[in-house]
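Subject: Handover of a structure and findings

Dear colleague,

Please find below the structure that I am handing over to you. My findings follow directly after it.

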Amino acid sequence: MYEFDLDEFSLSTGRGVELYNVRLLKMNGGEDTPERRQTIIDIHIDRHKLLEDYRATDVTDKSRFVELNERMVQIEYRLQDAWGFPRDPNYHSYWFQVHHCTCPKLDNMDFLGSEARYINFSCPVHGK
Ligand SMILES: [Zn+2]
């Protein structure tokens, strides 16, 4: 048993802090367990490592970005699994928050939940 009963708090990944929302987890039919917390921390640690890979990639290395983007999709799915959400790419929000990406952030935030994506064709990460 935990000594506190907060609905929301932050978990440290050692590379950043991530919000942990107990109410959201329970709404999705999930249980708040130490294993679940560790799973979510581990996924975010992988996400931070991936962000470093984006940062270290040369802007002209298109094939490398294709590979990194596929890894990001898998991380977003793992997070949806861990939080008890259905796997739905329309709710992915980390793909446009990577180094070198020039796609519009606010527009893509507004599009969350829809199939629409605002891709800047000159974006080194997602463009042509
Ligand atoms: Zn982009």
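Helices and strands are here DSSP runs, of at least four residues for a helix and at least two for a strand, numbered from the N terminus. On that basis the protein has four helices and two strands. Please note that this is a predicted model.

Overall picture

Read from the N terminus, the elements follow the order β-β-α-α-α-α. The C-alpha trace spans about 50 × 30 × 20 Å along its principal axes. Of the 128 residues in the protein, 12% are buried. Where contacts join residues at least 6 apart in sequence, 43% of them link residues at least 24 apart.

The pair H2 and H3

Two packed helices are described by the angle between their axes and the distance between the axes. Helix H2 covers residues 34-56 and helix H3 covers residues 62-83; the two pack at an angle of about 165 degrees, and their axes are 10 Å apart. That angle makes H2 roughly antiparallel to H3, since angles over 145 degrees are counted in that way. The crossing of the two helices is left-handed.

Which residues of H2 and H3 meet? From H2 come Arg 36, Thr 39, Ile 40, Ile 43, Asp 46, Arg 47, Leu 50, Asp 53 and Tyr 54. From H3 come Leu 68, Arg 71, Met 72, Ile 75, Arg 78, Leu 79 and Ala 82. Sorted by class, this contact has nine nonpolar, one polar and six charged residues.

The length of H2 can be checked against its residue count. With 23 residues at 1.5 Å a residue, H2 should span 33 Å, and its end C-alpha atoms are indeed 33 Å apart, so the two values agree.

The buried residues of H2 are Ile 40, Ile 43, His 44 and Arg 47. What covers these buried residues includes strand S1 (8-12), strand S2 (17-21) and H3. Ile 40, Ile 43 and Arg 47 also appear in the list of H2 residues that meet H3.

Arg 36 and Gly 30

Arg 36 lies in helix H2. Is Arg 36 buried or partly exposed? Arg 36 counts as partly exposed, because it has 17 C-beta neighbours inside 10 Å, whereas a buried residue needs 20 or more. Residues up to four places away in sequence aside, Arg 36 touches Gly 30, Glu 31 and Ala 82. Its C-alpha atom is separated by 29 Å from that of Lys 105, which is 69 residues away along the chain.

Gly 30 is found in the loop between helix H1 (22-27) and H2. With 16 C-beta neighbours inside 10 Å, Gly 30 counts as partly exposed. Beyond its neighbours within four places in sequence, Gly 30 is in contact with Leu 25, Arg 36, Trp 83 and Gly 84. Gly 30 and Gly 84 are 54 residues apart in sequence, yet their C-alpha atoms are 5.9 Å apart in space.

From His 100 to Ile 119

Most residues other than glycine have a negative phi. His 100 has a phi near 80 degrees, which is a positive value in a residue other than glycine. This histidine is found in the loop between H3 and helix H4 (105-110). It has 16 C-beta neighbours inside 10 Å and therefore counts as partly exposed.

Asn 108 lies in helix H4. It is partly exposed, with 19 other C-beta atoms within 10 Å; the cut-off for a buried residue is 20 or more. Apart from neighbours within four places in sequence, Asn 108 is in contact with Phe 96, Cys 103, Arg 117 and Tyr 118. Asn 108 and Glu 35 are 73 residues apart in sequence and 32 Å apart in space, C-alpha to C-alpha.

Ile 119 has its place in the segment after H4. With 16 C-beta neighbours inside 10 Å, Ile 119 counts as partly exposed. Not counting residues up to four places away in sequence, Ile 119 touches Cys 103, His 126 and Gly 127. Cys 103 is thus a contact of Asn 108 and of Ile 119. The C-alpha atoms of Ile 119 and Phe 96, which are 23 residues apart along the chain, are separated by 9.0 Å.

Yours sincerely

Notes:
Residues are numbered from 1 along each chain as its sequence is written. This is a predicted model: local features need pLDDT of at least 70, side-chain atom pairs count only at pLDDT 80 or more; totals for chains, interfaces and linings use all residues. Axes are lines fitted to C-alpha atoms, for helices over the stretch in contact, and angles run from 0 to 180 degrees between N-to-C directions. Angles under 35 degrees count as roughly parallel, over 145 as roughly antiparallel, 65 to 115 as roughly perpendicular and the rest as oblique. A crossing is left-handed if the near helix is turned anticlockwise from the far one by less than a right angle, and right-handed if clockwise. Two residues are in contact if their C-beta atoms, placed from the backbone, lie within 7 Å. Ala, Val, Leu, Ile, Met, Phe, Trp, Tyr, Cys and Pro count as nonpolar, Asp, Glu, Lys and Arg as charged, and the others, Gly among them, as polar. The expected span of a helix is 1.5 Å times one less than its number of residues.
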